[in-house]
Amino acid sequence: MNATPENLRTYERINDRIEAGKAVVLTADEVFDYIETKGLEQAAKEVDVVTTATFGPMCSSGCVLNFGHSTPRMRISEAWIDDVPAYCGVAAVDVFLGATQLRHNDPANMYYPGEFRFGGGHVIEKLVAGETLQLFGLSYGTDDYPRREVRTYFTIHDLNQATMVNPRNCYQNYNVATNASDKRIYTYLGILEPNMRNMTYCSAGQLSPLLNDPWYETIGVGSSVWLAGARGLVYAEGTQHCSAVARTEGGVPIGGAGTLALTADMKEMRPEFVRGASFAGYGVSLALGVAIPIPILNADILRRTAVRDCDLQACIIDYSNDYPNNTGNVIGKVNYAQLRSGTVTVNGKDVPVGSLSSYSKALEAANLLRDEIRRGEFLLSRPSRRLPVDQGFKPLKIRGAGQ
Amino acid sequence: MITRKLYLYFPKSETEKPIVCQLVRDYNLTVNIFRAKVTPEEEGYLVLDATGEPEDIDAALSFLKTFNVDVDNVNKGLRWHADRCTHCGNCVPHCPTHALDFADRSTREVRFFEGQCVECLACVRNCPFAACTSMI
């Protein structure tokens with residue numbers, strides 16, 4: 001084997017520098033000025049890691065909890081945590097709780113628009129905050145697991161494991177939602193007033209992990225991530241990962257595209273980055289803060305982390321018709337600098353813009369991860385597998401009688 | 001002339017008295033009611049701005065104290081809980097008076113400018129994190 005040339009950057013060398021407390025670490029928000037001052041080539045020689053982050057609702061999130069065994073034992077077949085149903089189709093005292101699960105007896109949209117004040121996301125928020133929750137469980141009883149009912153109280157500290165398992169987080173980019181109809185609509189992107197009176201985006205833009213690594217060169221299966229303060233990892237490509245999409249000249253997707261499946265120990269999480277969310281007329285969800293380090297292995301990787309809001313585009317979609325009916329129509333394209341200005345002009349009309357992604361929280365997460373790496377507390381890991389770079393996204397074809 | 005925001009809580013016994021009328025007629029106040037629910041034989045509330053000379057407002061407050069009415073001269077109807085706010089900015093386009101707005105576009109932290117709030121409650125139904133709540 002040939003010796004690695006002195007100037008070549010590798011994960012091992014970056015980790016050595018982190019452990020020695022010598023690593024140069026910047027957030028994706030600080031990297032522009034650094035490159036401007038030093039020039040790209042020089043900056044690439046100096047910077048070891050750029051931290052990226054996002055904070056927003058991520059519906060495809062949930063957790064696996066292990067309660068330990070009672071005496072006598074019980075094979076829980078139905079469970080409710082603070083009245084929110086958890087999935088029990090796994091081993092005796094393991095359950096899965098999903099972020100969008102409604103509380104038992106929530107009237108949902110029966111009285112439209114529903115309020116959806118409490119659900120799976122709020123249970124997860126309470127767990128991470130160390131609050132006391134109620135477990136109610138039922139079972140049919142077996143010879144080896146005779147107990148048929150349990151009602152007790154617990155906190156996260158009583159559990160053997162509380163592991164967040166999120167099938168889809170960190171969408172590379174996202175739709176900007178508006179409402180072209182003449183009626184108010186209630187969506188997962190908030191309340192959209194009629195006749196395009198407002199629009200909502202949901203991305204950290206220039207700070208967002210996969211917008212800083214558009215071709216998944218460093219963020220892959222096995223990468224270390226900071227999931228709400230816990231040391232986590234990418235365990236798979238996220239569901240609906242779809243990399244074969246329209247991209248800008250810089251290679252950055254204009255729509256949804258790549259996604260990540262993330263996991264981490266909830267006992268290590270910081271409650272301010274794990275927040276239950278209620279969307280009137282839509283349902284419940286969970287907002288999470290995620291920060292991901294990008295190792296600067298070469299100047300191209302650094303250049304791609306220096307992407308700015310004005311270079312990142314998103315599609316404005318009509319959520320009253322085009323989104324529900326899956327028409328593929330796009331009202332227009334805007335960049336994130338325009339979105340962040342608070343007003344976007346569409347067909348000559350000024351439309352006020354809101355966001356469901358918190359740039360302020362994302363910045364806080366990117367800063368926290370930067371400081372952990374600087375202190376030598378967070379090491380990077382080389383992905384064991386790259387995320388698919390040319391993968392499509394299949395629709396559901398309805399066949400037979402259901403058509 | 002000054003403007004004071006008042007929150008008046010009326011117990012059952014006081015809901016039949018024409019108190020607001022007297023504020024206007026006897027104390028020369030201009031009253032702007034944001035929210036009200038005053039029904040005979042039920043408890044009720046009023047959230048209003050009272051504009052007038054400082055001594056007239058002081059006299060009006062003393063007059064109100066002669067009734068069994070709770071008076072709070074703070075923005076009591078709508079509360080913004082800073083610790084629950086994630087600073088996403090979803091409320092900003094829904095707030096008609098910019099009472100909720102980014103304090104600084106670069107850090108993008110949301111702030112509540114209480115004086116501008118007219119208690120339309122748009123933020124209450126729009127905030128996913130229940131950072132805005134209504135006392136009444």
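Author: A definition to start with: two strands pair if DSSP finds at least two bridges between them. Keep that in mind for chain B of this predicted model.

Reader: How do you know that strand 2 and strand 3 of chain B are paired?

Author: Count the bridges. Strand 2 (residues 30–37) and strand 3 (residues 44–52) of chain B are joined by 7 bridges. The rule asks for at least two, so these strands pair. They run antiparallel, and B:Lys37 sits opposite B:Tyr45 of strand 3. In their hairpin, 6 residues lie between the strands, and B:Glu41 takes a positive phi near 70°.

Reader: And what makes strand 6 and strand 7 of chain B a pair?

Author: Same test. Strand 6 (residues 100–104) of chain B shares 4 bridges with strand 7, again antiparallel. With at least two needed, they therefore count as paired. B:Leu100 has B:Phe112 in strand 7 as its bridge partner. This hairpin has 4 residues between its strands, and there B:Arg108 has a positive phi near 55°.

Reader: What makes the side chains of strand 7 of chain B "alternate"?

Author: Look at which way they point. B:Val110 and B:Phe112 face one side and are buried, whereas B:Glu109 and B:Arg111 face the other and are not.

Reader: Let's hop to chain A. Why is A:Ser243 called buried?

Author: You need 20 or more other C-beta atoms within 10 Å to earn that label. A:Ser243 has 22, so buried is the right word. A:Ser243 belongs to the loop between strand 15 (230–237) and strand 16 (260–265) of chain A.

Reader: Which residues does A:Ser243 contact, leaving aside its neighbours within four places in sequence?

Author: They are A:Ala257, A:Gly258, A:Pro388, A:Val389, A:Asp390 and A:Gln391. As for A:Gly256, it is 13 residues from A:Ser243 in sequence, and their C-alpha atoms are 8.8 Å apart.

Reader: Which residues have the most contacts inside the largest nonpolar core?

Author: A:Val290 and A:Ala365, in a core of 130 residues. Not counting residues up to four places away in sequence, A:Ala365 touches A:Val290 itself, and its other partners include A:Phe55, A:Trp226 and A:Phe273. There's a second, separate core of 13 residues, with B:Leu23, B:Tyr27, B:Leu29 and B:Val47 among them. In soluble globular proteins, nonpolar side chains tend to be buried together.

Reader: How many residues of chain A and chain B are in contact with each other?

Author: On the chain A side there are 22, on the chain B side 16. Elements giving two or more residues to the chain A side include strand 2 (49–57), strand 22 (349–355) and helix 8 (359–374) of chain A. By class, that side has 11 nonpolar, 9 polar and 2 charged residues.

Reader: What is the overall layout of chain B, in helices, strands and domains?

Author: Chain B has 3 helices and 8 strands, in the order β-α-β-β-α-β-β-β-β-α-β along the sequence. It is divided into domain 1 (2–72) and domain 2 (78–134), whose centres, taken over C-alpha atoms, are 27 Å apart. Along the principal axes, the C-alpha atoms of chain B fill a box of roughly 50 × 35 × 20 Å.

Reader: How many of the residues of chain B count as buried?

Author: Of its 136 residues, 32% do.

Key:
Residues numbered from 1 in each chain as written. Chains lettered and ligands numbered in written order. Predicted model: local features only at pLDDT ≥ 70, side-chain atom pairs only at ≥ 80, totals over all residues. Buried ≥ 20, exposed ≤ 12 C-beta atoms within 10 Å, placed from the backbone. Contact = placed C-beta atoms within 7 Å. Core = buried A, V, L, I, M, F, W, Y, C linked by C-beta atoms within 7 Å. Nonpolar A, V, L, I, M, F, W, Y, C, P; charged D, E, K, R; others polar. Domains from an automatic or database assignment.
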